[in-house]
Amino acid sequence: MSDAQNVAVEKAPKLNIPEKNKVSNEKEEGWLFFGTQRVIALIMFFFMFLPGMNPARVCGLISKNLSLFTSAVSYSSLISGVGRGFRSGWIDESVFIILFVSSIFTVLGIVAIAAGACISLGNIKCKSLSFIFSFAGTFSLVGGLVGIYISYSLMGGAARVEKVNPEFPNGLIVFFVLGGIVLIATIAAFIIVPKVSLKRIKKVQKTESDETGEAEVNKEESEILPYEMESKYKLFLMFLPFALLAFVFCYLPLWGWRYGFFDYKAGDELTMDNFVGFKWFTYLFQNAATKRDIVRVLRNTLAMSGLGIATSWIPLAFAVFLSEINSKKFKRVVQTFTTIPNFISWILVYTVALAIFSTDGFLNTLLTNLGTPSNTNYLMSSEHSWLKMLAWGIWKGVGWSAIIYIAGISGIDKQLYEAATVDGAGRFQRIWHVTIPGLIPTYMVMLLMSVAGMLSNGLDQYLVFSNSNNADAMEVLDLYVYNLGFAGGSIPLSTVIGMAKSIVSVALLFMANSVSKLVRHESIV
């Protein structure tokens, strides 16, 4: 290298490593311990909803179907089976108060550990904050578990120990072990992660006055390091609450499918003594009365779902015509009044229907006053039950269902309308050639979802409108499962029917998706 090149290299400015690169390098330190902490936090959060892992079930008087989360948020559920023990003096209620408070501390500890695990995805300042959550959560968890153990010890000193039946819960050991692993991982990460200043230096250019005049000089100033996190982690944490809600309300209930393999009655325990394997699955197809009921219920279900699919274009048409209204005030009024019924419960809808269509309702009263006496009970008659349910469903949901199409219309390129107008297209031609083609993809997705949910009509509407006259035409699959399980007490058979419905619904979804890929070359799965 020549002397000129050496001089150029020496004069070249030295590159500063960006702050984000420093953060990413620091984030690599202790990744094993942070990963362990996150996995354990996820496991503990999952166990918090499993009744079999409830560390608060310290005696036989507490329900076996009670989870740790329920034990911490509902004192009445915790003592639901202990009322006689309190009245008879078998055990002091203060023991259960200690158990309840300890459960709260245990749950809060798990939540704090989970929060610390999420915050640790950020930069070094986020990691410093995560240590506080993790340590506080671990101590809260351990304190709660110690309180639960104290409650268990007090159970042994009850006046009637044989009635209280103290049981050492396996969940207590499991949570102690998991809490210990979290504590060790947090301490290790705290030691390994480099301790850097939570302030960073930035160069600023200032104008200062000296004896020779004003001059611009570079100075270094420190600023507090902000909390930073990569976008992918931010999006993940935004999505996480919805994923947890879906898990708790959609996937966790699948644990109840085990009732379909037992000869179970309300209040019994699931043991190998009442395990019957696939008995209820074969019973579903061998019993003649059950087969007749299934055929009738499927007829009602498919008929009402078919009518719903056949009229699924109504919200689209309503959204299109609503978008063509020029008066914004009138458009808002119409949209508001058509959306409000969606938030009214079916019980209130039935009350309105009863006031209008019952024997002494508004319609019969009006006909009588007009000189045509009438005492027909339009509401409870069995005539045209499917069409009446369809009409009430459309009235209640058309405004709400149209919202997604209104949003789709707002996303259509305005230049397409301008080009169509230049070509001489009128209003209805613009609707037919621009608006509707722009909404077809959205409509097809909604149609596929409707096909997948053909067996899931819900039961609220049909439960409140059902009576002895129209029960045969009104009972859909969801209502049949409800009546069979709760009214008839056949919980295993209703569980089997629910399982079959879920499996068929998934199969319908994939079939509809395959047809969509074949016809439109698009899919949603």
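**Notebook: pockets and helix pairs**

I began with the helix that gives the most to the lining of the largest pocket, which is α18, with 11 residues. I keep in mind that this is a predicted model.

**Entry 1, the largest pocket.** I looked up its volume and found about 960 Å³. Its lining has 36 residues, and those closest to the centre of the pocket are G308, I309, G393, S401 and S450. I then asked which helices supply at least two residues each to this lining. They are α13 (288-310), α14 (313-323), α18 (385-410), α20 (427-452) and α21 (460-465). Sorted by class, the lining holds 20 nonpolar, 14 polar and two charged residues.

**Entry 2, the second largest pocket.** I noted a volume of about 540 Å³ for this one. It is lined by 21 residues, with L42, A114, C118, L240 and L244 closest to its centre. Two or more lining residues come from each of α3 (31-47), α7 (93-119) and α11 (231-251). I checked the shares, and α11 has the largest, with eight residues. The classes here are 19 nonpolar, one polar and one charged.

**Entry 3, α13 against α18.** I went back to two helices from the lining of the largest pocket. At what angle do α13 and α18 pack? I read about 45°, with the axes 10 Å apart. That angle makes α13 oblique to α18. Their crossing is right-handed. On the α13 side I listed R299, N300, A303, M304, L307 and G308 as making the contact, and on the α18 side W386, L387, M389 and L390. By class, this contact has seven nonpolar residues, two polar and one charged. G308 of α13 appears in this contact, and I had already noted G308 among the residues closest to the centre of the largest pocket.

**Entry 4, α14 against α15.** I next took α14 with helix α15, which covers residues 328-339. Their axes lie 10 Å apart and the packing angle is about 155°. Angles over 145 degrees count as roughly antiparallel, so α14 and α15 are roughly antiparallel to each other. I recorded the crossing as left-handed. Which residues of α14 meet α15? I found F318, L322 and S323, which meet K331, V334, Q335 and T338 of α15. The contact divides into three nonpolar, three polar and one charged residues.

**Reminder to self.** Two packed helices are described by the angle between their axes and the distance between the axes. For α13 with α18 I wrote down about 45° and 10 Å, and for α14 with α15 about 155° and 10 Å.

Terms used: Residues numbered from 1 in each chain as written. Predicted model: local features only at pLDDT ≥ 70, side-chain atom pairs only at ≥ 80, totals over all residues. Heavy atoms only, no water. 1 Å grid on protein atoms, 1.4 Å probe; cavity = no way out; pocket = protein on both sides within 12 Å on 5 of 7 lines; lining within 4 Å. Points joined across faces, edges and corners; volume = space filled by probe spheres on them. Nonpolar A, V, L, I, M, F, W, Y, C, P; charged D, E, K, R; others polar. Axes fitted to C-alpha atoms, helices over the stretch in contact; angles between N-to-C directions. Parallel < 35°, antiparallel > 145°, perpendicular 65-115°, else oblique. Left-handed = near helix turned anticlockwise from the far one by under 90°. Contact = heavy atoms within 4.5 Å.
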